[in-house]
Amino acid sequence: MIGIIASILTAVLTGNYLPLIVPLIYLLAVKSRDLALIAFYIYALVLAFSFNPGSIYTLNGISAVSVAFSAVLVLDEILRGFELRIPSREEFVLLGALTVSAVTIYTFLPVIAAVTLYTAHRNFGRASFYIAGWWILLAAFLYAAKNRLTGRGAQALVIVGLALIFILLAEKRDVKSTEVKVLEKE
């Protein structure tokens, strides 16, 4: 339910009305999760090709970030299994915060980021701290390098590079090292 409202508010704030088809994906989720996932991936591809954000430092770049957050919320709800029901008290609070913040894109973006982070924390626990660390470091780095990262390619490389660093940090316990013993000559 949070993903639907976030997508509708994002569509209204950004002027990109493609996220308004998200309720159709949720209707498919009621029937079949697999159909909803196929529809979501088609939606994500169409969204990626139809939305040209330009630089992350522009209004279009900020709009793209809010569209990405709403897409993450939609994907999370589809993967967890969506069912038609009355939202819980917690969901009402999150929906209220999203709705109240939808005055401008500048007030909406931090709230949708916080809602996404809260949802990640609720569903994944400690892994959400890596997500928060990545976002904070990414925002600080992008702000500090604003004059040097003028191209979209450079901005994309920074975003992906920092994401990979935090993925490696999060998964370091799962990586097993192989111990190699050196045999001595007799």
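**Nonpolar patch, cores and aromatic rings**

The largest share of the nonpolar patch, four residues, comes from helix H3, helices being DSSP runs of H or I with at least four residues, numbered from the N terminus. The patch, made by Leu 28, Leu 35, Ile 38, Ile 42 and Val 46, covers about 410 Å²; patch residues have over 30% relative accessible area and no salt bridge (a side-chain nitrogen of Lys or Arg within 4 Å of a carboxyl oxygen of Asp or Glu), and nonpolar side chains are joined within 5 Å. This is a predicted model, in which local features need pLDDT of at least 70, side-chain atom pairs count only at pLDDT 80 or more, and totals for chains, interfaces and linings use all residues. Residues are numbered from 1 along each chain as its sequence is written, and side-chain values use heavy atoms, with hydrogens and water left out.

The largest nonpolar core (buried Ala, Val, Leu, Ile, Met, Phe, Trp, Tyr and Cys residues joined through side-chain atoms within 4.5 Å) has 19 residues, of which Ile 25, Tyr 26, Phe 40, Tyr 43, Val 74 and Ile 78 touch the most other members. Helices H2 (22-31), H3 (33-50) and H4 (59-80) each supply at least two residues of this core, and its largest share, six residues, comes from H3.

Phe 40 counts as buried because its relative accessibility is 5%, the cut-offs being under 20% for buried, over 50% for exposed and partly exposed in between, with a 1.4 Å probe and protein chains only. Tyr 43 is likewise buried, at 2%, whereas Tyr 41, at 45%, is partly exposed. Phe 40, Tyr 41 and Tyr 43 form one aromatic cluster, where rings of Phe, Tyr and Trp (its six-membered ring) pair if their centres lie within 6.5 Å, with planes under 30 degrees apart stacked, over 60 edge-to-face and the rest tilted.

Note on methods
Patch = residues over 30% accessible without salt bridge, like charges linked within 9 Å, V, L, I, M, F, W, Y side chains within 5 Å. Areas by Shrake-Rupley, 256 points an atom, 1.4 Å probe, with all protein chains shown as cover.
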